[in-house]
Amino acid sequence: MKAKQILLMSSSAVHGFGYLEHSKNDIVKFLNKNKVKSILFIPFALKNHDDYLRKVDSVLSLWGYSCDGLHTKTDQIDAINKAESIFIGGGNTFRLLKTLYDNKLIEAIRKRVLNDGVPYMGSSAGTNVATLSINTTNDMPIVFPPSFEALGLVKFNINPHYMDPDVSSKHKGETRELRISEYHEVSDTPVLGLREGTSLLVDGDKATLIGSFNARLFQAGKTPIEYEPNSDLSFLLF
């Protein structure tokens with residue numbers, strides 16, 4: 001069994017940057033370390049798969065990587081089994097997970113990443129489905145997957161695009177922190193709040209927070225903890 005190689009980004013778009021550009025150095029370093037030249041892109045979080053593939057390929061090809069879309073393959077499990085690396089992009093998490101289940105891809109992806117050490121990148125919804133479940137996504141359930149259980153590449157949940165309460169706002173709706181606390185009324189699974197521009201890098205049994213901002217860790221019955229970039233979060237893997 002080879003060491004896990006996983007890069008989980010909060011988002012693919014950050015204010016002031018082009019698509020994926022805020023994470024360019026992290027992505028290039030991650031792919032080059034793993035000697036990756038080709039990427040199998042899974043576009044199922046959005047409706048128009050061809051447009052999504054073109055958008056991703058237009059960026060990654062400039063950085064020296066070939067990008068192929070899983071939706072173009074007649075035998076998708078075979079494509080996953082032959083993939084040099086896997087990237088799942090953002091969009092609607094419920095649509096994404098339902099399609100992974102409908103196409104019977106869950107176990108194939110899980111095996112390739114956890115057993116074979118195939119590098120996995122996720123952004124937003126692609127990060128959500130890499131965790132234990134999608135219970136802490138921000139998305140609306142526009143479709144219904146057979147289960148909220150996800151790929152389980154890491155043993156905790158993530159809340160991408162985590163936002164702090166705006167103390168000057170007159171909005172009286174629930175904050176992100178309150179929503180996560182409601183989740184912890186029914187589950188003990190830790191939730192890592194990844195602010196935009198922040199990612200989690202997993203290299204075997206080591207997990208490191210990277211990017212430009214702190215992340216906020218929520219655990220049932222405990223006060224949330226802030227972690228700065230370069231913090232060691234390996235304890236979440238066990």
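This text walks through four parts of a predicted model: a sheet, a loop before it, a helix and a loop tyrosine. Residues are numbered from 1 along each chain as its sequence is written. Local features need pLDDT of at least 70, side-chain atom pairs count only at pLDDT 80 or more, totals for chains, interfaces and linings use all residues, and side-chain values use heavy atoms, with hydrogens and water left out.

Start with the sheet. It is open, has four strands in the order S6-S7-S10-S11, and its pairing is mixed. S6 and strand S11 (225-227) are the edge strands, since each pairs on one side only. Neighbouring strands are turned by 25 degrees against each other on average, direction ignored. Axes here are lines fitted to C-alpha atoms, for helices over the stretch in contact, and angles run from 0 to 180 degrees between N-to-C directions. Strands (E, at least two residues) and helices (H or I, at least four) are DSSP runs, numbered from the N terminus. Two strands pair if DSSP finds at least two bridges between them.

Now follow strand S7 (residues 191-194). On one side, three bridges join S7 to strand S6 (residues 157-159), and the two run parallel. Asn157 stands opposite Val191, and Ile158 stands opposite Leu192. Four bridges join S7 to strand S10 (residues 215-218), and this pair is antiparallel. Here Val191 has Phe218 as its bridge partner.

Which way do the residues of S7 point? Val191 and Gly193 point one way, Leu192 and Leu194 the other. In a regular strand the side chains alternate between the two faces of the sheet. All four of these S7 residues are buried. Buried means under 20% relative accessible area, exposed over 50%, and partly exposed in between (1.4 Å probe, protein chains only).

Edge strand S11 holds Tyr227. Tyr227 has a relative accessible area of 18%, so it counts as buried. Leaving aside neighbours within four places in sequence, its contacts (heavy atoms within 4.5 Å) are Leu209, Asn214, Ala215, Leu217, Leu233 and Phe235. Ser212 is 15 residues from Tyr227 in sequence and 12 Å away in space, C-alpha to C-alpha.

Step back along the chain to the loop between helix H7 (176-183) and S7, where Ser187 lies. Ser187 is buried, because its relative accessible area is 14%. Its side chain reaches the backbone nitrogen of Thr189 at 3.1 Å. That is a polar contact: a pair of N or O atoms within 3.5 Å; within protein, one must be able to donate a hydrogen and the other to accept it, and residues adjacent in sequence count only if both atoms are side-chain atoms.

Next comes helix H4 (residues 93-102). At its start, a side-chain oxygen of Asn92 reaches to within 3.0 Å of the backbone nitrogen of Phe94. Thr93, Phe94, Leu96, Leu97, Thr99 and Leu100 are buried in H4. What do they pack against? Their partners are strand S2 (38-42), strand S4 (86-88), helix H5 (106-114) and helix H6 (125-128). After H4 comes Lys104, with a positive phi near 55 degrees.

Last is Tyr65, in the loop between helix H2 (49-60) and strand S3 (66-69). Is Tyr65 buried or exposed? It counts as buried because its relative accessibility is 4%. Not counting residues up to four places away in sequence, Tyr65 touches Val28, Leu31, Asn32, Val36, Lys37, Ile39 and Leu60. With Asn32 there is also a side-chain to side-chain polar contact, at 2.7 Å. Ser231 is 166 residues from Tyr65 in sequence and 29 Å away in space, C-alpha to C-alpha.
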